[in-house]
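Here are my notes for anyone opening this one for the first time. Keep the viewer open and go through the points in order.

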Amino acid sequence: MVELIKVNLERECEKIINYLDKKKAWELGFIRYNLFKRMIIHITKIKSLYSVRKIFLHLVADEIFLKKKNIVRSYLYMFRNPSTPKINKGSITITFD
C-alpha cells in the first residue's frame, strides 16, 4: 500500500522560488522539466514524483515558470525573473469612429 504524504504546497513553492531566485535560475534560459524536477527534489527533499509534479504544475499555473513549445512536441520551461512584471496576454480591440 502506497502512503501519500501531505505536502504544504504554498510553503514548498515559497522555498523553491527563494532558492531559484538566489541562484538566478532565469539565466539558464529554457530547459527541460527533468532538470527542474531534480532541483525541486533537491530543494524540498520530497521523493514522491507525484508531489513534485504537482508542485511544478502549481508553479507553472502561477506563471512562475514560462512555458515554450519545443519542435518535438514537448515543452521547455524557464524560471521567470521575479523583478520583471507579469505580462498579461490578451487581445485589445481599438475602434475608430
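Which residue just after H3 takes a positive phi? That would be glutamate 63, with a phi of about 60 degrees. The notes below come back to this spot after a look at the rest of the chain.

1. First, the basics. This is a predicted model, so please read every value below as computed from it. The chain has three helices and two strands, and from the N terminus on they run α-α-α-β-β. Buried residues account for 30% of the 97 residues. If you take the contacts between residues at least 6 apart in sequence, 55% of them join residues at least 24 apart.

2. Now to helix H3, which covers residues 49-61. Does its length add up, or what should we expect for 13 residues? At 1.5 Å a residue they should span 18 Å, and the end C-alpha atoms are indeed 18 Å apart, so expectation and model agree.

3. H3 has a good list of buried residues: Ser51, Val52, Ile55, Phe56, His58, Leu59 and Val60. What covers them? Helix H1 (9-22) and helix H2 (33-44) are part of the cover, and strand S1 (65-69) and strand S2 (75-79) are included too.

4. Take the H2 side next. A pair of packed helices is described by the angle between their axes and the distance between those axes. For H2 and H3 the angle is about 110 degrees, and the axes lie 10 Å apart. That angle makes H2 roughly perpendicular to H3. On the H2 side the contact uses Tyr33, Phe36, Lys37, Ile40 and Ile41, while H3 brings Leu49, Val52, Arg53 and Phe56. Sorted by character, these residues are seven nonpolar, no polar and two charged.

5. One residue of that contact is worth selecting by itself. Phenylalanine 56 lies in helix H3, and with a relative accessible area of 0% it counts as buried. Leaving out residues up to four places away in sequence, phenylalanine 56 touches Tyr33, Phe36, Ile40, Phe65 and Tyr77. Its C-alpha atom is 8.2 Å from that of phenylalanine 36, although the two sit 20 residues apart along the chain.

6. Then turn to the H1 side. The axes of H1 and H3 come within 10 Å and cross at roughly 70 degrees, which means H1 is roughly perpendicular to H3. Leu9, Glu10, Glu12, Cys13, Ile16 and Ile17 of H1 meet Lys54, Ile55, His58 and Leu59 of H3. In this contact the residues divide into six nonpolar, one polar and three charged.

7. How many salt bridges does the model have? The count comes to two, and Arg11, Glu12 and Lys15 are linked by them in a network. In one, glutamate 12 pairs with arginine 11, with the closest N and O atoms 3.6 Å apart. In the other, the side chains of lysine 15 and glutamate 12 meet at 3.3 Å, N to O.

8. Stay with that network a moment longer. Lysine 15 and glutamate 12 are both in helix H1, three residues apart, or about one turn of the helix. An α-helix has 3.6 residues a turn, so residues three or four places apart point the same way. Is glutamate 12 buried or exposed? At 5% relative accessibility it counts as buried, because that value falls under 20%. Arginine 11 is partly exposed at 47%, and lysine 15 is partly exposed as well, at 33%.

9. Last, the backbone. Back to glutamate 63: its phi near 60 degrees is a positive value in a residue other than glycine. Glutamate 63 sits in the loop between H3 and S1 and is partly exposed, with a relative accessible area of 38%. Where is lysine 24? Look in the loop between H1 and H2. Lysine 24 has a positive phi of about 55 degrees although it is not a glycine, and its relative accessible area of 43% makes it partly exposed.

Notes
Residues numbered from 1 in each chain as written. Predicted model: local features only at pLDDT ≥ 70, side-chain atom pairs only at ≥ 80, totals over all residues. Heavy atoms only, no water. Helix = DSSP H or I, 4+ residues; strand = E, 2+ residues; numbered from the N terminus. Expected span 1.5 Å × (residues − 1). Buried < 20%, exposed > 50% of the residue type's maximum accessible area, 1.4 Å probe, protein only. Contact = heavy atoms within 4.5 Å. Salt bridge = Lys/Arg side-chain N within 4 Å of Asp/Glu carboxyl O. Axes fitted to C-alpha atoms, helices over the stretch in contact; angles between N-to-C directions. Parallel < 35°, antiparallel > 145°, perpendicular 65-115°, else oblique. Nonpolar A, V, L, I, M, F, W, Y, C, P; charged D, E, K, R; others polar.
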